[in-house]
Amino acid sequence: MWQASGRHVPAERTVLVEAVVSVDLPEPYNSTASSAVASITIDIIARVQQYAESLGRRPWKHRYAVSDLAVLFDGLLKTAVDPKVVAEIARITDIDPALVAQPRELHLVADRQVKELLPSHGLEEIPEAGASAGGVFRANPALDLRDVTERQEQVDDWLRQLGLDAGLTGMESLIESFRATAPMSA
């Protein structure tokens, strides 16, 4: 478990960001093939809105820029495929590091409709698309997420899926605009 508080936030008052890593190890004598794989789950919990509201900033209507979401998704993927992290997962699960799978999906859960968290400029609602408070976004198994270009492709795909799942069009243009000005991360 990892936690971070703001500079001026007493630790006992509010934890702004928390990451919890869970490892579900396979049963050693189980006969089913699906149970022979370790499952790694990383939950990122942000309480920035709750903190802002506790300071009297109600209603707090923060929207996450596409650039911030891209950096967050890239950071999650980059961490999950980092050789040190892969080696530690292999050590914990007692397997060869080559057998540690790359992330297969991103689970996103919001405390409100996702369209309320995305930028209001550049995105348009799809009539009668319905509401979404998150989703499960599959990773492309053909991509090597250790490669910067392929990881960027996966991040962009997840951002497009996020926009469409929220019932919005225009995410492609926002991603293109961000990528045209953003330096390539390593």
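These entries record what I looked up on one helix and one aromatic pair in a predicted model.

**Entry 1: helix α3**

I began with helix α3, which spans residues 83-93, and asked which of its residues are buried. They are Val 86, Ile 89, Ala 90 and Thr 93. I then viewed α3 down its axis: the buried residues fall within an arc of 100°, so they line one face of the helix. I noted the general background that an α-helix has 3.6 residues a turn, so residues three or four places apart point the same way. On the face of α3 turned away from the buried side, I found the exposed residues Lys 84 and Arg 91.

**Entry 2: the ends of α3**

At the start of α3, I looked up Asp 82, where a side-chain oxygen comes to within 2.8 Å of the backbone nitrogen of Lys 84. Just after α3, I recorded a positive phi of about 60° for Asp 94.

**Entry 3: the aromatic pair**

I next searched for aromatic pairs, and the structure holds one. Its partners are Phe 73 and Trp 158, with ring centres 6.2 Å apart. Their planes stand at 85°, and an angle over 60 degrees counts as edge-to-face, so I entered the pair under that heading.

Which helices hold the two rings? Phe 73 belongs to α2 (residues 66-80) and Trp 158 to α4 (residues 148-165), so the pair ties together parts that are 85 residues apart in sequence.

Finally, I checked whether the two residues are buried or exposed, the cut-off for buried being under 20% relative accessible area. Phe 73 has a relative accessible area of 3% and is therefore buried. Trp 158, at 2% relative accessibility, is also buried.

How values were computed: Residues are numbered from 1 along each chain as its sequence is written. This is a predicted model: local features need pLDDT of at least 70, side-chain atom pairs count only at pLDDT 80 or more; totals for chains, interfaces and linings use all residues. Side-chain values use heavy atoms; hydrogens and water are left out. Buried means under 20% relative accessible area, exposed over 50%, partly exposed in between (1.4 Å probe, protein chains only). Helices (H or I, at least four residues) and strands (E, at least two) are DSSP runs, numbered from the N terminus. The arc is that of the directions from the helix axis to the C-beta atoms. A polar contact is a pair of N or O atoms within 3.5 Å; within protein, one must be able to donate a hydrogen and the other to accept it, and residues adjacent in sequence count only if both atoms are side-chain atoms. Rings of Phe, Tyr and Trp (its six-membered ring) pair if their centres lie within 6.5 Å; planes under 30 degrees apart count as stacked, over 60 as edge-to-face and the rest as tilted.
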